[in-house]
Amino acid sequence: MLTGCTPWPDETAEHYRQQGIWRGEPLGLLLTQAVERDRDAIALVHDDRRITYGELDDWVNRLAAGFAHHGIAAGERVVVQLPNTPEFVAIIFALMRVDAKPVFSLIAHRDTEVDHLVRLSGATHYIFPEAHRGYDHRALAARIGAENDLLRTLFVVGEPTGDMVAVDALAGVDDWTPPPVDPSDVAFFLLSGGTTALPKLIPRTHDDYVYQVRQTSAVCELGKTDVYLTALPVEFNFTWGCPGVIGILAAGGTVVMVDNPSPTLGMPLVERERVTITSLVPSALTLWLEAAEWTPADLSSLRLLQVGSAKLSPAMAARVTPTLGCDLQQVFGMAEGLLCLVRADAPQEVKLSTQGLAISPADEIRIMDGDELVPEGMIGELVTRGPYTIRGYYQAPEHNARAFTADGFYRSGDLARLTPGGELVIEGRIKDVIIRGGDKINAAEIEEYLLADDAVTAAAVVGMPDELFGERSCAFIVPAEVVPTLAHLRSSLHARGVADYKLPDEIRIVTELPLTPLGKIDKKALARTGEVVPS
Ligand code: AMP
């Protein structure tokens, strides 16, 4: 395995192989097999481009040979920062074909993050678009190139400047054959989703990711007739492989790419391409539910909507099927590994209020309080290991010592409990607890109560410095029509039987909840804003 990564212990790896969990298949094989089954089927759709499996395979081959010709060698890290376009898919498969290791940067990243990713990964190449949403990525790349001596080539999707190489101009060479790919080695690096520190790199192997895709595809019953709308960023684990883009390509279905989760763009595409499945975060779901009331688009092809990445309130979950006419699948996921998905045949209660069952019988889930297991059914930190959960971040020994237990369990930082049926219910995050005096207040819990109030369309509870309590709880509210008073919200929560110490000390009115580049609510930014509403 690539130096700087933490492999699974030999006996565990052997066990996974013996059980048929790891089958020694590189991710590229999933595409190759789909190509062999039907070259003429449509693999990718973007705007008015329609790319068949045969065309995608030829494109990947040409790019792979071109990358090899330009000196990208097996094992080298390549930072890839591209929007939701077919180029992303072709380039990642091409890099995997030369056994290079793509590092998935977000398109929203700027100098600090890209520079960090280049340094942390020791990248020798960087691939980026000419521009995106008015931002000049060539200028960004030129600055990154000037600062990082290890970077040998800047590849641009679009027109090159200076000594940049245009991805479009890459041509194959006759005498090139792809190197062998070790399926137990890294396929690509995903990013950790922390809100404070710069991202850490998550090495995902071919074996573990093929398994993740196979399991999630089975749960979602993916088939050749499925059409997946990539509305969230393609470089998210959720969109890329849960089962997402890779799952659909492995099944021989069609991936429709759009660069924005807005229903204004997505809903007409659902009608035009007869989309059957898509994935959203809860904040985007709110927009889809609103838009469903007025859109003329025919959404009847949609059979499954995956919602994950953040807590979905049961109230909003209950609106999905009646409003959008499709099944709801809650997804709990983390780029580090563990995935839980609600099954299609689960009772309604399970669909609305849980994040489902782990996708593998080999997933080991523990709910802990420090180093102790909590009693069954109680809330604690979700700690996990398994055949597709990493054993360590890349080049991060000190952080790994804290983030993993001695026996290889990943400490997720999420607060969760397990139902008697084994479904995971996320109850918050350890880092998101407000300590008010001696009392602990779970922000996600209070947010759910606030959201249930008609006066509130979005809410985030943040701990603010307080002389008396150390921290006091502040509710940042996006109001519906009438701005609610603190007294109203406190009595509304009180009426639900919420303990007094959990009632917000303060409310602040905001027009929207700011998000981090990874799409989480940015509570640090929030803490600096908002108009205080008198009680
Ligand atoms: P990421 O690695 O960026 O996918 O973020 C993973 C984190 O997102 C998890 O550790 C959780 O904190 C959060 N998360 C993912 N799915 C859910 C969900 N369905 N409900 C609540 N939080 C979630």
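User: Which strand gives the most to the shell around the ligand?

Analyst: Strand E16 does, with 4 residues. Strands here are DSSP runs of E with at least two residues, helices are runs of H or I with at least four, and both are numbered from the N terminus. Strand E16 spans 327-334, and it and strand E23 (424-429) each supply at least two residues of the shell. The model is predicted, with local features requiring pLDDT of at least 70 and side-chain atom pairs pLDDT 80 or more, whereas totals for chains, interfaces and linings use all residues. Residues are numbered from 1 along each chain as its sequence is written, and side-chain values use heavy atoms, without hydrogens and water.

User: How many residues surround the ligand, and which are the closest?

Analyst: The shell holds 15 residues, and the closest are Ser 309, Val 331, Ala 335, Asp 414 and Lys 520. A residue is near a molecule or strand if one of its heavy atoms lies within 4 Å of it.

User: What makes the approach of Lys 520 to the ligand a polar contact?

Analyst: A polar contact is a pair of N or O atoms within 3.5 Å; within protein, one must be able to donate a hydrogen and the other to accept it, and residues adjacent in sequence count only if both atoms are side-chain atoms. An N or O atom in the side chain of Lys 520 lies 2.8 Å from an oxygen atom of the ligand, so the pair meets the distance limit. A backbone N or O atom of Ala 335 is 2.9 Å from a ligand oxygen, and a polar backbone atom of Ser 309 is 3.1 Å from a ligand nitrogen. The protein covers 86% of the 490 Å² of accessible area that the ligand has on its own, by the Shrake-Rupley method with a 1.4 Å probe, where for residues only the protein chains shown count as cover.

User: Why is the pair of Phe 88 and Trp 240 called edge-to-face?

Analyst: Rings of Phe, Tyr and Trp (its six-membered ring) pair if their centres lie within 6.5 Å; planes under 30 degrees apart count as stacked, over 60 as edge-to-face and the rest as tilted. The centres of Phe 88 and Trp 240 are 5.4 Å apart and the planes stand at 90°, so the pair is edge-to-face. Phe 88 lies in helix H4 (residues 86-97) and Trp 240 in helix H8 (residues 237-241), so the pair ties together parts that are 152 residues apart in sequence. Phe 188 and Trp 240 are also edge-to-face, because their ring centres are 6.3 Å apart and their planes are at 70°.

User: Is Gln 355 buried or exposed, and how do you know?

Analyst: Buried means under 20% relative accessible area, exposed over 50%, and partly exposed in between (1.4 Å probe, protein chains only). Gln 355 has 5% relative accessibility, so it counts as buried. Its side chain reaches the backbone nitrogen of Ile 426 at 2.8 Å.

User: What makes the phi of Asp 47 noteworthy?

Analyst: Most residues other than glycine have a negative phi. Asp 47 is not a glycine, yet its phi is positive, at about 50°. Asp 47 lies in the loop between strand E1 (42-46) and strand E2 (49-52), and its relative accessible area of 53% makes it exposed.

User: How do you know that the charge of Arg 110 sits over the ring of Tyr 135?

Analyst: A charge sits over a ring if NZ of Lys or CZ of Arg is within 6 Å of the ring centre and within 35 degrees of the ring normal. The charged end of Arg 110 is 3.6 Å from the ring centre of Tyr 135 and sits over that ring.
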